[in-house]
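Please look over the following structure with two topics in mind: the open spaces at its surface, and the arrangement of one of its strands with its partners. The notes below take these topics in turn.

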Amino acid sequence: MGSILVGTASWTDKTLLESGWYPRDVTSAQERLGYYASRFPLVEVDSSYYSPPAENTVSLWRDRTPVGFTFDVKAFSLLTHHPTRPGALYKDLRERIGEAKKNVYLRDLDRDIAEQVWDRFLAALAPLREAGKLGAVLFQFPQWFPIARSNKQYIVECKERCAPVPISVEFRNHTWMSEENQAETLGFLREHEVPYVSVDMPQGYPTSIPPVLAATGGLAVVRFHGHSAKWTSKDIHERFGYLYSEDELRDWAPKLRRLAEDTETTHVLMNNCYRDHAQVNAAQLARLLAHA
């Protein structure tokens, strides 16, 4: 069985800082990341979706964590076909766009600008990659990214651009994992050795993906989004404000261990990021996995 790393999708969420999970004397950014890394071997960087990180910031992440610690980094929104605020772009590229828009999409940009975004985003991750601390770049595609030949080609392009760092792919359009397309989707990902991101999330919504565990590469990724009754809320804390019961997590532990039998490494990330819910559940799940 491959190794299983358990962590959370944030260590700096405002409500987490207010929850009391960090000791009173842990107040600086350096101390918080160090404290987090003393308790979990894995974290997902979510802020990189909203704004690409600077290389000096990434260097600090590297320096503030122990050998063997792993970061998964969420791809910048522009690269996953999400709407992106022009203010989130690099300043010189923002100036080249011209007339201000509320949001821009990758398709709106000149090829040279798009290439610059790709190159700079990946270059900034070099300190983690060179230190062996970069696990994967997570591409979470939007609801309007259905199964299609052109979208498959884009996934392959993302993999090639990020190599040798693996990417992982999470879908929000149900066509990828519908009964009629599920085998095709997983077969495509296996063919190209692109890790599929399995999810636990509310069902019955246009963005819902069934909780299918599948290993399609050397890495498997599972993200737990919770089961909030307010999944459609624009308030991110209402969407993800769900605390798993220990019985729920106990049911997941043997499934995750079986998944790990088919892969070298499995990353399990709690994304129910409200107060200390994710940290509490990640610690519970890690204990359950150790005794499953």
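In this predicted model, the largest pocket encloses about 1,400 Å³ of space. Its lining is made up of 47 residues, among which D46, Y49, Y50, K74 and I236 are the closest to the centre of the pocket. The second largest pocket has a volume of about 240 Å³.

**Largest pocket**

- Five elements each give two or more residues to the lining of the largest pocket, namely the helices α2 (29-37), α3 (47-50), α4 (55-63) and α10 (236-240), together with the strand β2 (42-45).
- Of these, α10 supplies the largest share of the lining, with four residues.
- Sorted by class, the residues that line the largest pocket comprise 20 nonpolar, 16 polar and eleven charged ones.

**Second largest pocket**

- Around the second largest pocket there are 15 lining residues, and those nearest its centre are P164, P166, P195, G218 and L219.
- The lining of the second largest pocket is divided into eight nonpolar, four polar and three charged residues.

**Strand β7 and its partners**

- Strand β7, which spans residues 219-224, is mostly covered, since six of its six residues are buried.
- In a regular strand, side chains alternate between the two faces of the sheet.
- From β7, L219, V221 and R223 point one way, while A220, V222 and F224 point the other way, and all of them are buried.
- Strand β6, formed by residues 197-200, runs parallel to β7 and is joined to it by four bridges; within this pairing, V199 has R223 of β7 as its bridge partner.
- Strand β8, formed by residues 265-270, also pairs with β7 in the parallel sense, here over six bridges, and V268 of β8 is the residue that stands opposite V222.

**T266 in strand β8**

- Is T266, a residue of strand β8, buried or exposed?
- T266 counts as buried because its relative accessibility is 0%, whereas the cut-off for that class is under 20%.
- Leaving aside residues up to four places away in sequence, T266 touches S3, I4, L5, A220, L259 and A260.
- One of these contacts, A220, is among the β7 residues that point the other way from L219, V221 and R223.

Notes:
Residues numbered from 1 in each chain as written. Predicted model: local features only at pLDDT ≥ 70, side-chain atom pairs only at ≥ 80, totals over all residues. Heavy atoms only, no water. 1 Å grid on protein atoms, 1.4 Å probe; cavity = no way out; pocket = protein on both sides within 12 Å on 5 of 7 lines; lining within 4 Å. Points joined across faces, edges and corners; volume = space filled by probe spheres on them. Nonpolar A, V, L, I, M, F, W, Y, C, P; charged D, E, K, R; others polar. Buried < 20%, exposed > 50% of the residue type's maximum accessible area, 1.4 Å probe, protein only. Pairing = 2+ DSSP bridges. Contact = heavy atoms within 4.5 Å.
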